[in-house]
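Me: Please take a close look at the aromatic ring pairs in this model and set them in the context of the rest of the chain. I would like a careful, connected account that I can follow with the structure open.

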Amino acid sequence: MSKLGTLGHRLHRGEVSYDFVGKRKIWYGVSILITVVAIVGLVVNGLKLGIEFKGGAVFTTPKISMSTSQVHDRIEGDTAGHPATIQKLGNGGMRIQVSDISTQTSKDIQQKIADDLKIDKSKLDAEIVGPSWGKEISKKALQGLIIFLVLVVIYLAIAFEWRMAIAALVALLHDLTITTGVYAIVGFEVTPGTVIGLLTILGYSLYDTVVVFDGLKEATKDITKQNQRTYSELANRSLNGTLVRSINTTVVALLPVAALLFIGGGLLGAGVLNDIALALFVGLTAGAYSSIFIATPIVAELKESEPQMKSLRKRVLAKRKADAAKAKEAEARGEDPEEPADEVSDGDDDGDEATATAGAGVVSPRAQSGTRPRTQPGSRGNGRGGRGRPSGRRR
């Protein structure tokens, strides 16, 4: 078995545990810091909206023997003061995008570009998007996002409980804020592909969160019937049990996305892939982080405020204090502290196995001293004969 597989098995069995829930204030601080940086980048730089959202025109040239810098220098004064984005296509042509211009202005720019690049105007393809259509697209995208979040909250509240729904909503908003902030800092264009990427990463993030919540729901079933662990401790144990699965799912999803972003968009220059690839890469990473470090700690914190969970915590702490006092008294008398025999399972077989192991490993003081136990009357020490007759010849 691989090291990761061994670690996953030990995490699931409870042999190894990382205190994610107990150190939740640290993770909250890290998330707040990242979110603040994303919001500052969003406020300072703003989002670079594509022509699909604010209108504009895209001009596609046939194959020409010019570089992007040469084309930029020639058409610099042709765009009516609006910045142009130029990309080289695989067939040797150029894609010239000019945003936030009217239909009439785009026709004038088309003629000037054709003249400066010495191209027949009929061979210079023009795709014009009006500002009103772009606003409608923006409105529909926002409506779709709101509907998605509302449906997610309703589903989780029905399938699990409202506390888990709130935690999942906070995690999703956390992922959205970080992803849009990175877009603003990097300066990539926001296109319909970006919106598709955002909705996709929300689905992945929700999947990871539901997997963790499902394990948490199973682990905390009948939690008030035991006095061994608090809700936070069981939540942390459940989270550790699904940790490797969440990591594996995220890594497998990130590998093809990283290929699109760094190889397709970076090395091969396929800029159209950057729009969706960056959203997927950042969103998947943030989604895995929020499922582990944000969603479950928030659920544990909300549940611990319930009267039943407060009472459970008092019972657990009182029992541990009593066990510690008994162990201290036994140590003062020179005796070995006994293991508690009433261990209660918390949702898996680990507690039962630990109890069984502890019971099987109890050895009497006489056996520990190395003396041979006295043979009971009527029994035979050598295991031969029958019906309790003493050994030796009959006289």
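Reply: Two rings of Phe, Tyr or Trp (for Trp, its six-membered ring) make an aromatic pair if their centres lie within 6.5 Å, and the pair is called stacked with planes under 30 degrees apart, edge-to-face with planes over 60 degrees apart, and tilted for the rest. By that rule the structure holds 6 aromatic pairs. In one of them, Phe20 and Phe293 meet edge-to-face, with 5.4 Å from centre to centre and 80 degrees between the planes. Phe20 is in the loop between α1 (3–13) and α2 (24–45) while Phe293 is in helix α11 (residues 272–304), so this pair ties together parts that are 273 residues apart in sequence. Helices (H or I, at least four residues) and strands (E, at least two) are DSSP runs numbered from the N terminus.

Before going further, please note that this is a predicted model, in which local features need pLDDT of at least 70 and side-chain atom pairs count only at pLDDT 80 or more, whereas totals for chains, interfaces and linings use all residues. Residues are numbered from 1 along each chain as its sequence is written, and side-chain values use heavy atoms, with hydrogens and water left out.

The two partners can also be described by burial, where buried means under 20% relative accessible area, exposed over 50%, and partly exposed in between (1.4 Å probe, protein chains only). Phe20 has a relative accessible area of 9% and therefore counts as buried, and Phe293, at 16%, is buried as well. The pair also belongs to a cluster, since ring pairs link Phe20 and Phe293 with Tyr18, Trp27 and Tyr289.

Around this part stands a chain of 395 residues, of which 37% count as buried, and its secondary structure comprises 14 helices and 6 strands. If contact is taken as heavy atoms within 4.5 Å, then among the contacts in the chain with a separation of 6 or more, 75% are between residues 24 or more positions apart. A C-alpha distance gives another example of distant sequence positions brought together, because Gly241 and Ser17 are 8.8 Å apart in space although 224 residues separate them in sequence. Gly241 belongs to helix α9, and its relative accessibility of 26% makes it partly exposed.

Ser106, a residue of helix α5 (residues 103–116), is buried, with a relative accessible area of 1%. Leaving aside residues up to four places away in sequence, Ser106 touches Ala57, Phe59, Ile101 and Ile128.

Two residues deserve a look for their backbone angles. Most residues other than glycine have a negative phi. Lys118, however, has a positive phi of about 55 degrees although it is not a glycine; it sits in the loop between α5 and β5 (125–129) and counts as exposed at 71% relative accessibility. Asp222 likewise has a positive phi, near 55 degrees, and this residue is found in the loop between α8 and α9 (231–241), where its 45% relative accessibility counts as partly exposed.

It remains to consider the empty space. On a 1 Å grid over the protein atoms alone, a cavity is a set of points where a 1.4 Å probe fits but cannot get out, a pocket is an open set with protein on both sides within 12 Å along at least five of seven lines, and lining residues have an atom within 4 Å of a point. Points are joined across faces, edges and corners, and a volume is the space filled by probe spheres set on them.

The structure holds 1 cavity of 30 Å³ or more, and the largest cavity has a volume of about 30 Å³. Its lining is made up of Tyr204, Asp208, Thr249, Thr250, Ala253 and Leu284. Two or more of these residues come from each of α8 and α10 (243–267), with α10 giving the largest share, 3 residues.

The second largest pocket has about 460 Å³ of space. Its lining counts 21 residues, and those nearest its centre are Ala141, Leu145, Thr180, Val195 and Leu198. Helices α6 (131–159), α7 (162–186) and α8 (192–219) each contribute at least two residues to that lining.
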